[in-house]
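Visitor: Could you teach me how to read a few features of a structure? I would like the general idea, then the case at hand.

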Amino acid sequence: MKVGVDYYPEHWDVAMWEQDARQMREAGIKIVRLAEFAWSRLEPTEGQFDFDWLDRAIAVLSGQGLEVVLGTPTATPPVWLTTDYPDVLPVDNKGHTHYAGVRLHRCYNSPSLRKYGARIIEKLTQHYGSNPAVIGWQTDNELAANDCHCENCTRKFRSWLQEKYKTLPELNREWGTVVWSGEYSDWAQVKTPLGGSPFLNPSFLLDFRRFSSDTVADFNRFQAALLRENSPGKFVTHNLWGYPVSADYYDMFDSMDFASVDYYPATDLLDDSKSRMYHGALTLDLTRGVKQKNFWVMEQLSGTPGCWYPMSRTPFPGMIRAYAWQSVSRGADTIVQFRWRSARIGAEQFWHGLLDHHGEPGRRYKEFVQFSEEVNRLAPLLEGTTLDNDVAMLFSHEQLNAFQIQPQADGFDYLTNFKSLHTGLMSMGVSTDVLNWRSDFQGYKLVIAPMLYLINDEIADKLREYVSNGGKLVLTTRTGVKNMNNVCLPNRLPNLLTELAGVYVDEYDPVGKDTQKILLQNDQAYSCSQWCDVLTPVTAETIATYESEYFADRAAITRNVVCAGSVYYIGTILDADANRALLRRIASEAGIDFQLNVPEGVEVTTRSTEGRSLRFILNLSKDSKVLSIPKGDYVSAISGDRLQGGIIELQPGEVEILVQGTEEGYSKLWQSRN
Ligand code: GAL
Ligand code: ZN
C-alpha cells in the first residue's frame, strides 16, 4: 500500500527537481509516474533519441528513494510525426482529418503510429527495462475507442466484418440491410458509419463500436507485448478513464497485470446532484471488477478541476483525504495523486495539483500529507486485504453501447439506471462487486443483472444454472429484447428468460418522464418512470402493481421461485425509495447483511484478510452524519480508540476505519502505531 504523485519534470526548471524530490520523500510519497506525454522530448526529431533528461530526473527521484512508473508516450504524437506521417491523425465521421495540437490525436490503426510507436517503446524499454528504480509501466493514457474513419480503419473494419460474417449475403441478412435499400453487393461498398446519423442501421452501428473497441484493445496488447519483451518482470498497467465509455475495458485489460483508474470525483456534488454523489463509488467498484482484484489509482483528485470546462469547486476541507481513502476502501492498493505541482504552462494550467502555482504547501497539500502519513502507518494492516462481497452486479459495455445507439425512452440511460440499483445497495451498507456480464458469478448469494437487452444462450444458460443452484437473481425491464447483432427477437419478453422469470411482458409503455405510481406489497406507494412493462405472471407471484393509468392493478414487479432459487423481475425504473424498499426485501431473502439507513453520502465497505477485517466508514458529504455500528469489539485505526459498536457521529469528510481481528490481526495494528 503506497502513495505517489504524477510529475512532469520536463515542465520545470532542472534546478527544481532536487527540491521537489526531497519534498516528496518528506511527504511520505513512494512512487512517481513520469513521461506519459513526453514523446517530443524523448525523440525530438525522427530517429534522434534523448533520454539524458529522463535519466537525470529518475536519478534525482530515486536518490530520494522514490520508485518510478513510466508511461509510453503514444497519446501525444509529436509534431514531426503528424507532419511527416499524416496517417497518424484520425479522421472523423464527416471525413475531416483531426488537427494536431491538443492530444489523443492518433489513429490506433495507423501504420506510422504502430511503426514509430513501437520504436519509441522499444528504445524506452531497452533503456529503462532493467533500471531498478523503474518498477512498472503504464501504456498510453486513458485509451478510448476513437471512432476513426480513415482509410486504414475502413479497410480493417471490412476485414473484421469478413471475419465475423464470412459472406456478404450473411452480413446483409444479419444486419437487415434490406430496410431502406441498404443492401451491399460488393465488399468494397462497405464503409465505416460516415455522416454520423444516429438513424443508421443499429446493427451496423453496434458492430462499428465493437470494432473500435477491439481496435483499442489490440493497440494496448501491442504495447504490452513490447513492454514485456524488453522489461520482463515489471508490471504493465493502463490508467482507465471513468465510466461510461464505449470501449470494452474487460477486453482492453486482458493484456494488463492490473487495472488503474483516474479518479476525479465531482467536487460540486455534495448538496445537490445525488446521482453524481454516488458515481465515484460505482466507478471504483467497476474498476475493481475489470480484473476482479485490487487496483491502482493512477491519478487521484488533488485540487480544483479546470481546463476542460470552467473551473469547478475546490475540494472542500477534508475531501482530498476522504476521496483518497474512498479509493482505498473500494480496493485501491496504490494512490497516485494528480499532480504534484499545478501547471504554469499549457492547456491544463487550471487543473490544480497538490501545490498551487506559488508552490507553498497549503490546505490541500497538508491534507494529502495527513493521508500519506496515515497510509504509511497503516500499510501493514492494509496489506493483503481485499473486498469479499456477497452481491454481484453484471455490467456490459455491449449493452451500454446498444442503449446509446437507441435510447429507449426519455431519461432512460443504462449507466444511470445501473447506478440507481448500485446506490440502493450502498444506502443499505451493502457493498457490491461489479463484474463483466460474461464472467463467472455462480458463487454469489445475490446477482443483479439489469437490462440484458442483448441476449444470447450463453448468458441465459448461466443464469438458469445459477438460479437452479439456489441463487437469487434480479432481472429488470428491457431484458431479452434483441439478439447480439442488435436485431429485435420475435418472442415475448424477456424472451430466453421468460420461463426462468415466470412472467412475460404483455405490453409496454415508454412513459419517459411521465412519472407513474406503484404499490409494493408492504402497501407503500412509490414512484417509477421511464418505462413500464405491463406484466402477466405465469408461475411468478406479484410483488408490486401499478397504481396509475390504464395499467393500474397490473403487475409491475414479480418473483418466481425456481428450486431453491428465486428470480425477481422489475418491470419499470423505480425511484430511490422504491429501490431501497425492494432491495431490502431481496437482501433479506438472499441472507445478505444490511443496515437499515446509511445516511446519504456515507459509504461503508470492508476490506479483510485472514485474521483481521477493516470496516471503512466515510462521510463524503458536507454535513455531519450519525450511523449505528453493529455490536462488536473494534479498534479505530485512525484514533486508536476502542469501540463496542453503537451510534457514531461523523464530521463532514470524516474517515473512520474500524478494525476487528484476532490477536495477530490486532498486533499488526499496534505495530502500525509505533
Ligand atoms: C486525466 C488525464 C490527465 C489530466 C487530467 C486532468 O484525464 O489523464 O493527463 O489531463 O485528466 O485533466
Ligand atoms: Zn483510423
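Guide: Gladly. Helices (H or I, at least four residues) and strands (E, at least two) are DSSP runs, numbered from the N terminus. Asp 285 and Arg 288 both lie in helix 11 (residues 279-290), three residues apart, which is about one turn of the helix. This is a predicted model, where local features need pLDDT of at least 70 and side-chain atom pairs count only at pLDDT 80 or more, while totals for chains, interfaces and linings use all residues. Residues are numbered from 1 along each chain as its sequence is written, and side-chain values use heavy atoms, with hydrogens and water left out.

Visitor: How many salt bridges does a search of the whole structure find?

Guide: Side chains of opposite charge can pair when their charged atoms come close. A salt bridge is a side-chain nitrogen of Lys or Arg within 4 Å of a carboxyl oxygen of Asp or Glu. The search finds 32 of them. One joins Asp 285 to Arg 288, with the closest N and O atoms 2.9 Å apart. Another joins Asp 6 and Arg 33 (2.8 Å, N to O); this pair links distant parts of the chain, with Asp 6 in strand 1 and Arg 33 in strand 2, 27 residues apart.

Visitor: Are Asp 6 and Arg 33 buried or exposed?

Guide: Buried means under 20% relative accessible area, exposed over 50%, partly exposed in between (1.4 Å probe, protein chains only). Both Asp 6 and Arg 33 are buried, and so are both Asp 285 and Arg 288.

Visitor: Which side chain of opposite charge is nearest to Lys 472?

Guide: For charge, Lys and Arg count as positive and Asp and Glu as negative; His and the chain ends are not counted. The nearest is Glu 589, 5.0 Å away, and Lys 472 is buried yet has no salt bridge. The side chain of Lys 472 does reach the backbone oxygen of Gly 470 at 3.0 Å. The backbone oxygen of Ala 564 lies 3.2 Å from a polar atom of that Lys 472 side chain.

Visitor: And empty space: how many cavities of 30 Å³ or more does the structure hold?

Guide: Rolling a probe the size of a water molecule over the atoms shows where empty space is left. On a 1 Å grid over the protein atoms alone, a cavity is a set of points where a 1.4 Å probe fits but cannot get out; lining residues have an atom within 4 Å of a point. The structure holds three such cavities, and about 100 Å³ of space lies in the largest. Helix 15 (414-426) and strand 19 (572-574) are the elements that give two or more residues to the lining of the largest cavity.

Technical notes. Chains lettered and ligands numbered in written order. Polar contact = N/O pair within 3.5 Å; in protein donor to acceptor, adjacent residues only side chain to side chain. 1 Å grid on protein atoms, 1.4 Å probe; cavity = no way out; pocket = protein on both sides within 12 Å on 5 of 7 lines; lining within 4 Å. Points joined across faces, edges and corners; volume = space filled by probe spheres on them.
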